[in-house]
Every structure is written in C-alpha cells, then in structure tokens.
Amino acid sequence: MKYIFLMLIMVSSTILSAQPRSNSDIKNGSISGRVMDAQLNEPMPYVNIIVKDANDKVITGGITDSNGTFNIKKIPEGLIKVEITFIGYKTIVKQETIGKGSYNIKMGDIRLEEDAANLDEVTVVAETSTIQQKIDRKVINVGKDLTTAGPTASDIMNNIPTVNVDAQTGDIALRGNQNVQVMVDGKLSNIPPAQLLRQIPSTSIKQIELITNPSAKYNPDGMSGIINIILHKNVNIGFNGNLNFGLGYQLEPKFNSSIDMNYRNNKLNFYGSYGNNIADRQNFIELEQVETGLTQDIDLLDRSNSHLFKFGVDYYINEKNTFSVFTNQNLFDGGALGETALLFEDPADNQLQVIDNNNENHSQQYNINYKLDFDKEGHNIELETDFNLFDSDVVTFNRFTGAGVRPNFNEFTDTERDRTTINLDYVNPLSEKAKLEAGLQARLFTTDLRYNSNARVQDEFGNYIPTSTSFDYERNIYSAYVSYSKQLEKWSYKLGLRAETVNVTTFAVDTDLTDNTVTEFPFENDYTQVYPSAFVTYNPTEKNSYQFSFSRRVDRPGVGQVNPIPEFNTPLISQFGNQELEPQFTNSIEVNYTRNFKKGSLTGGVFYRLIEDEINQGVFVDRSALGSGRVILQIDNFDNTSAFGMELSSNYRPTKWWSFNASFDMYGRTQRGFAESLDPTIENPTEDDIVLQNTEVDNLIINFRVFNNFKVTKKLSLSAFAMYRGKDTGLNFEVDPLYFVNLGLRYSFLEDNRATFSLNFNNVFDTQEVNILSERPFRQEAEFIPEFKTIFASLAYRFGGGKYRAKSRKRRDNDEKSGGGFL
C-alpha cells in the first residue's frame with residue numbers, strides 16, 4: 001500500500017511542476033476570421049482551417065460556413081500555426097500566439113489567391129455521396145456513385161434514406177407519406193412532381209435536402225415535410241460545361257441527354273442548359289374481384305417526351321448589389337396507350353376497353369432577384385419575384401368492344417395554370433452569435449380547367465349523354481414570418497413564427513349538352529393560421545450532437561385532389577377530386593442524435609406527428625351502376641390520426657476502397673375513417689345494401705436500404721444497392737413487402753478524368769413486384785408489373801477551363817441560391 005501511495009505522490013509532483021507558474025489553470029484561446037476570394041472579393045464557404053503547434057502537430061481545425069467565417073475554440077496557450085487551404089488556391093500559413101492579452105485572436109479577412117498550377121485538379125462532382133445532419137434538415141451530397149443509380153431524379157430517390165418512389169406512378173413519399181412538397185432550388189414548380197422528377201437528369205443534382213420539420217422561414221406546406229433538390233451551378237471563370245448521354249432498356253427504350261454551359265468574367269455570369277428525357281414505360285396490371293371471379297387485365301404503355309431549356313444571367317454590380325434573372329421552359333409531349341380486358345366466368349360476357357391518351361403541356365418560369373448587402377457582414381435585404389405558367393391539352397379516346405358495352409366516348413381537357421410568388425427577406429446578424437430574420441410573402445395561384453365528353457355520364461334512364469365541365473380554382477396566400485437564432489458555447493437554438501391568411505375560391509359548372517342544363521357548384525374557404533417552430537441543438541463534444549425540433553404545418557388540397565373532372569376511367573374504376581376537401585394540419589416533434597467517427601457518422605432519431613382532419617383516399621361504391629362492381633376512388637377528409645417513427649442512418653468508410661450508406665426506418669400510424677362495402681353476391685342491389693363502415697387501422701412499416709461503393713482502381717468503381725420495404729396497410733389497401741438489388745459500374749477516363757462511363761442493372765434477381773389486397777368495398781387482389789428489370793448506360797463529359805470560384809449566393813429558404821442546371 002505504501003508503494004502505491006509513494007507513486008501517487010511522485011505522479012502528482014510531476015504534474016504540478018509542469019503547470020504554468022503564472023496561473024494554476026491552462027487557459028484556452030480561440031481564433032476567428034473570414035476567408036475571401038482575393039479577385040472576386042467574395043466570401044468562400046467550406047475552406048479548411050488547420051491549427052498546428054510549433055512542431056507542426058495538428059491541434060484542431062474547422063471549416064468556414066456559408067458566409068466564409070470561422071471560429072475555432074479550445075486552442076491551448078503557446079505559438080500556433082494557422083493553415084488556410086482550399087483546392088485550386090494557394091495555401092496561406094499565419095503564425096499567432098495564444099497567451100496573456102491575446103486569448104481570442106481575430107484574424108480579420110484572409111484573402112486567398114488562385115494557384116494556377118493546381119486548377120486542373122478540381123472535380124465538379126464528388127466521387128462518394130455523404131449524409132449530413134444539420135439543425136433543421138438532412139443533406140445528401142450527391143456523388144458520382146449515386147448518379148450511377150439511374151438517369152433521372154426519380155431513379156435515384158429510392159437510394160435516399162426515408163424516401164420512396166412508386167415505380168408505376170412516379171409518386172414520391174417521405175417517411176411513408178405522399179403529402180410532401182417537392183422543390184427545385186427552393187422553388188415550387190407548376191409541373192406535377194412525378195413528371196418533374198423524371199425530367200431532371202441525375203447528373204445535374206448537387207444535393208438533396210430532406211426537411212422533415214421546416215422552420216418558420218419555409219412555407220408550412222406538406223405533412224411529411226419538404227424534399228428540396230439543389231442543382232449544380234457553374235460559377236467557373238471562362239467558358240465551361242458538362243455533356244451527358246444515357247440509354248436504358250428492358251421492354252421499351254429510354255433515352256436522355258443534357259448539356260449545361262456557362263461563361264463568366266469578373267462581373268457577369270451567363271449560363272444556359274438543355275435536357276431531354278424520351279422514354280416509353282410498359283406496365284402490366286391484373287386486378288381480380290375474388291368473390292365474383294371478375295378479372296381486369298390492363299396493359300399500359302406510358303409515353304413521355306420532354307425538353308427543358310434554361311437561360312440566366314447573374315450581374316455582380318458591386319460589392320453591395322447583385323441582380324439575377326433566369327427563365328425555364330419545359331415542353332412535354334406524352335400520354336398513354338392502354339388496353340383493359342374484363343374477363344368474366346362466362347367468356348361471352350367479356351369486354352375490352354382501349355384508351356389512347358395524348359398529353360401536351362408547356363411550363364414557363366421567369367425569376368428576378370435583387371440583393372442588397374449592408375456594411376455589416378451578413379446584413380442584407382433581398383427581393384425575389386417568381387412567375388410560373390402552365391398550359392396543358394389532354395385528349396383521351398375510349399373504345400369498347402364486347403357484350404353489353406357502353407358507347408365509345410372521347411374526352412378533351414384544357415388546363416391553364418399560373419403562380420406568382422413575391423418574397424421580401426431581411427437578415428440582420430445582431431451579434432457574432434445572434435441573428436434575426438424576417439420576411440413577407442405573397443403566393444397567388446389560379447387554375448382554369450375545361451372538360452368536354454361526348455358520352456361519359458349516364459342519366460336516370462341509363463342513357464349516356466354528352467357533358468361539359470368547367471372548373472375554376474383560385475388560392476391566394478399572404479404570410480409574414482420572423483425567426484431568432486442564437487449560438488451559445490455548447491447550445492444553439494432557433495425560434496420562429498409564421499402567420500398566414502388564405503383565401504380559396506372554387507367554382508365548378510356541369511352542363512348537359514343535350515338540353516344545355518347547367519348545374520353550378522361554388523365553394524369558398526378562408527382561414528388564418530399561425531405556425532410556430534423551434535429548434536434546439538446541443539453539442540457536448542465535437543463528436544456528439546443532439547437536435548430537438550417542433551413545427552406546425554399544413555397540407556393544403558392540391559388542384560388534382562379538388563378537381564371534379566375525372567382523372568381516369570376504366571370499366572370498373574373511376575377517380576375524381578373532391579371540391580369541398582379541407583386542409584389537414586400537422587403538429588410534429590422530432591429528436592435526433594448524431595455521432596461522428598473518424599471514418600463516418602451515425603444518426604438516429606424519433607418523431608411523432610398528430611394530424612388533424614387527415615386527407616386520404618376512400619373507395620366508394622358507384623351508385624350509378626349498383627351491382628356492376630364499379631367503384632369510385634375519391635380523396636376525402638377523415639378523422640384525426642397520429643404517426644410515429646424511428647430512423648437510423650450511417651455513412652462509413654471501412655477501408656480506402658469500400659464505403660457505404662445504410663439506413664433503417666420504422667413508421668407506425670393509426671388511421672381512422674370510413675369505407676363503403678357492398679356484398680357482390682346480392683342480386684339487384686339498392687343503395688340500402690351499401691354498408692358504411694367506421695374503420696381503424698394500425699400500420700407499422702419497416703424499410704432497410706444500403707448503398708455500397710467499391711473503388712477497384714483510381715478510375716474504376718462498382719456499386720451495389722439493396723432495399724427492403726415492409727408491408728404497408730392502409731384504410732382500403734394492403735401492399736405486400738418489396739425487395740430488390742441493383743448493381744452499378746463507373747469508369748473515368750481521358751485527361752483529368754473528364755469523361756465518365758456508367759452502367760447500372762436494376763432488379764438483378766427479378767424479385768421486385770407490387771402486390772395489393774383490398775377488402776373494401778369488396779375483396780380484390782391486384783398485381784402491378786412495371787419495367788423493374790432495366791439496364792441503363794450513360795456517358796458524361798466535362799469541358800472548359802475548370803477554374804473554380806467559390807460563389808455563395810442566397811437561395812430562398814436556405815440561404816444558398818443555385819441557378820444552373822435544370823428547372
């Protein structure tokens with residue numbers, strides 16, 4: 001025991017003798033400053049700051065934020081060397097001394113100059129995708145490994161944690177819910193999301209943001225949150241660009257190509273792009289009514305031919321003023337050619353419907369932006385106006401053959417839609433650690449639809465009559481927001497409040513063209529709501545981070561959900577909108593934890609949502625054809641419901657040649673509502689035989705996905721993606737589990753790896769299929785067989801000088817605006 005005691009005394013003496021004589025405690029210091037581009041006089045984000053001691057041993061470090069600033073703490077006393085490094089620029093090394101009178105060193109503006117010898121080392125797209133957890137969003141940096149997964153944004157979305165895309169319809173869901181806003185560079189588009197995602201080339205995507213609890217600065221639309229796609233923007237000096245070609249095939253060919261170019265001098269940046277997506281998609285659907293033995297076999301060919309053009313100019317007037325303008329033009333020509341066969345127990349009763357649908361639409365966007373910077377760093381005001389136009393002409397020919405079929409009929413639908421958004425945003429850094437943001441917004445939206453059919457509707461005598469329907473929809477939203485954020489030593493928080501006044505007016509007119517009988521359906525809905533939000537983060541160490549957030553949101557009915565004009569018809573199914581649909585409101589709480597490792601990171605989180613007046617799809621018996629087995633799909637408001645879930649995601653690099661992103665998520669929800677049912681064995685049924693059932697369904701969905709990237713050589717990489725999606729049970733449908741494996745290859749060649757060849761093979765083991773069971777209004781089984789097993793090859797080439805400039809330009813809703821690429 002005495003030896004242990006002596007050892008403790010010796011150790012304590014050694015420690016005490018090593019302490020500074022002037023002070024019994026070591027004082028830690030800090031350094032702060034801002035990194036600027038020497039030629040452009042602009043802040044440079046993501047610059048590396050490395051702090052070393054006198055022996056060149058690394059002590060600590062960090063990176064600059066979006067405003068080019070850095071603040072590195074916990075630096076011990078003594079002589080230090082500060083290295084400021086960024087690819088394509090000369091490294092700067094400065095010596096400072098942390099000590100008495102200079103514990104908090106302010107280095108001021110540090111100006112980096114180009115290093116001409118290293119400019120060619122810059123690459124536009126990172127090799128490997130990474131996932132970052134920020135205070136109010138999850139950011140997926142899209143690398144070449146992820147773009148290999150497919151030619152369009154729709155193809156790579158299933159590789160993103162918590163995101164699912166319906167392979168047949170293209171509908172996107174976040175956390176198992178399709179009530180999600182899809183934005184491109186922080187802006188909504190008039191183009192339907194499913195069509196939009198299939199038109200954006202995957203190679204044009206820089207980042208994908210998953211914003212599950214939006215702050216007050218965001219529009220509160222979308223129950224499950226916002227998916228924001230950030231596109232690449234060339235800000236290179238001189239003339240630069242990218243060229244991409246892709247070809248896919250299973251049963252039908254799929255081709256896409258794109259080119260984007262920019263030219264920049266000191267004050268002007270001109271950029272433009274063109275992209276196309278020409279694809280045919282084959283779908284086979286089998287729908288069986290179990291009790292009656294009636295089967296629908298649907299063979300559908302979906303055709304799409306889209307062309308996208310973009311042109312814009314950034315004018316950097318001086319250090320304080322920036323003016324930008326751009327336009328997007330999207331031309332789409334597509335449609336569907338389908339056959340629906342009704343197969344009865346008696347073949348003599350069989351029927352066949354042939355649908356020939358043609359859809360032409362033109363979307364236009366015009367955007368003007370002006371930003372004024374004040375003398376204080378980060379203090380600015382910005383005005384932005386965004387105007388969208390959308391025109392669509394849809395013609396559908398319906399032809400019937402067989403026993404007792406209805407007459408042939410044609411449908412003509414014209415749509416004119418416009419959206420104007422005006423934003424005024426103000427940012428004031430009250431101090432180095434506190435910031436005030438405020439803004440005003442007006443969103444003006446109108447839609448005019450005109451529908452004509454020569455024999456869609458039946459009268460009370462069973463005769464089919466020609467009809468005309470017009471539908472006018474107007475929604476104006478006026479809002480104001482304010483938020484305050486503050487950074488403490490280990491804590492930070494952001495509090496916000498958004499207030500909105502909404503005016504909705506709809507007016508539908510049905511006209512019987514045989515006698516010009518007119519029926520009017522007016523509807524108005526005005527409401528004012530307040531949407532609070534709160535975010536708190538705690539960083540006890542550099543490796544651990546905790547986040548808590550709360551927000552209130554709204555899911556406003558879309559035009560397609562309220563439009564009384566039929567969306568589609570088959571012999572046994574029709575789908576209509578609901579003009580009197582009310583918005584649903586969501587209160588959401590979320591908690592996340594992030595652990596950073598030397599070779600990756602791990603993020604886990606839980607959330608809970610309380611949904612008021614949930615919007616969901618109901619299945620109703622068609623009262624105009626009782627006993628025929630016909631049903632109507634219609635969106636309606638159901639009772640309040642709740643949802644909860646947990647998520648676990650990680651990106652890790654076990655070795656130099658292997659990296660992976662993996663995620664596991666589990667969602668539970670309780671749905672309450674009603675559904676109609678009718679016993680199909682009843683002869684000559686009446687409306688009294690229809691049973692209205694109050695239903696409650698508990699659903700638990702489990703998803704797992706992993707994306708592996710294997711670097712074989714410096715030029716050759718392989719990828720493997722596997723996904724499992726568990727059973728999904730709703731009020732009216734139950735979807736069986738789904739699983740599949742995709743493989744990919746990427747090879748870079750030519751000087752500086754300017755060219756890249758990619759090859760991917762989806763659904764390698766042919767396991768991907770969609771099976772659905774419905775119990776209401778009667779038992780039905782469905783199987784969907786799209787083109788899952790596809791092969792896709794692409795070639796990309798980057799041209800130009802590659803003189804990279806770090807340009808950070810504010811984008812609506814997340815302080816970074818991107819103007820290049822598509823849409």
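1. Threonine 501 has threonine 528 in E26 as its bridge partner. The model is predicted, and the pairing described here is read from its coordinates. E25 and strand E26 (residues 517-541) run antiparallel and are joined by 22 bridges. The two strands form a hairpin with 4 residues between them. One residue of that turn, asparagine 516, has a positive phi of about 60 degrees.

2. On the other pairing of E25, strand E24 (residues 464-487) runs antiparallel to strand E25 (residues 491-512), with 21 bridges between them. Here valine 502 in E25 stands opposite isoleucine 477. E24 and E25 also form a hairpin, with 3 residues between the strands. E25 is thus joined to E24 by 21 bridges and to E26 by 22. In a regular strand the side chains alternate between the two faces of the sheet.

3. Glutamate 500 forms a salt bridge with arginine 556, and the closest N and O atoms are 2.9 Å apart. Glutamate 500 lies in strand E25, whereas arginine 556 sits in the loop between strand E27 (544-555) and helix H5 (559-562), so the contact ties together parts that are 56 residues apart in sequence. Both glutamate 500 and arginine 556 are buried. Salt bridges with shared partners join Arg443, Arg498, Glu500 and Arg556 into one network.

4. How many salt bridges does the structure hold? The count is 18. Among them is the pair of glutamate 83 and lysine 52, whose side chains meet at 3.0 Å, N to O. This pair links distant parts of the chain, with glutamate 83 in strand E5 (residues 78-85) and lysine 52 in strand E2 (residues 48-53), 31 residues apart. Glutamate 83 and lysine 52 are both buried.

5. Another salt bridge joins glutamate 787 and lysine 254, with 3.0 Å between the closest N and O atoms. The partners come from distant parts of the chain, 533 residues apart: glutamate 787 is in the loop between strand E43 (780-785) and strand E44 (791-800), and lysine 254 is in strand E16 (residues 253-264). Are these two residues buried or exposed? Glutamate 787 has a relative accessible area of 11% and is therefore buried. Lysine 254 is also counted as buried, because its relative accessibility is 15%. Both values fall under the 20% cut-off for buried residues.

6. Which residues form the positive surface patch? Lys73, Lys74, Lys433, Lys486 and Lys490 form it. Lysine 486 belongs to strand E24, the strand that is joined to E25 by 21 bridges. Lysine 486 counts as partly exposed because its relative accessibility is 31%. A patch residue must have over 30% relative accessible area and no salt bridge, so lysine 486, at 31%, meets the area cut-off.

7. Threonine 413 is found in strand E22 (residues 409-428). Its relative accessibility is 16%, so threonine 413 counts as buried. The C-alpha atoms of threonine 413 and threonine 396 are separated by 8.6 Å, and the two residues are 17 residues apart along the chain.

Terms used
Residues numbered from 1 in each chain as written. Predicted model: local features only at pLDDT ≥ 70, side-chain atom pairs only at ≥ 80, totals over all residues. Heavy atoms only, no water. Pairing = 2+ DSSP bridges. Patch = residues over 30% accessible without salt bridge, like charges linked within 9 Å, V, L, I, M, F, W, Y side chains within 5 Å. Areas by Shrake-Rupley, 256 points an atom, 1.4 Å probe, with all protein chains shown as cover. Salt bridge = Lys/Arg side-chain N within 4 Å of Asp/Glu carboxyl O. Lys, Arg positive; Asp, Glu negative; His and termini not counted. Charge placed at Lys NZ, Arg CZ, Asp CG, Glu CD. Buried < 20%, exposed > 50% of the residue type's maximum accessible area, 1.4 Å probe, protein only.
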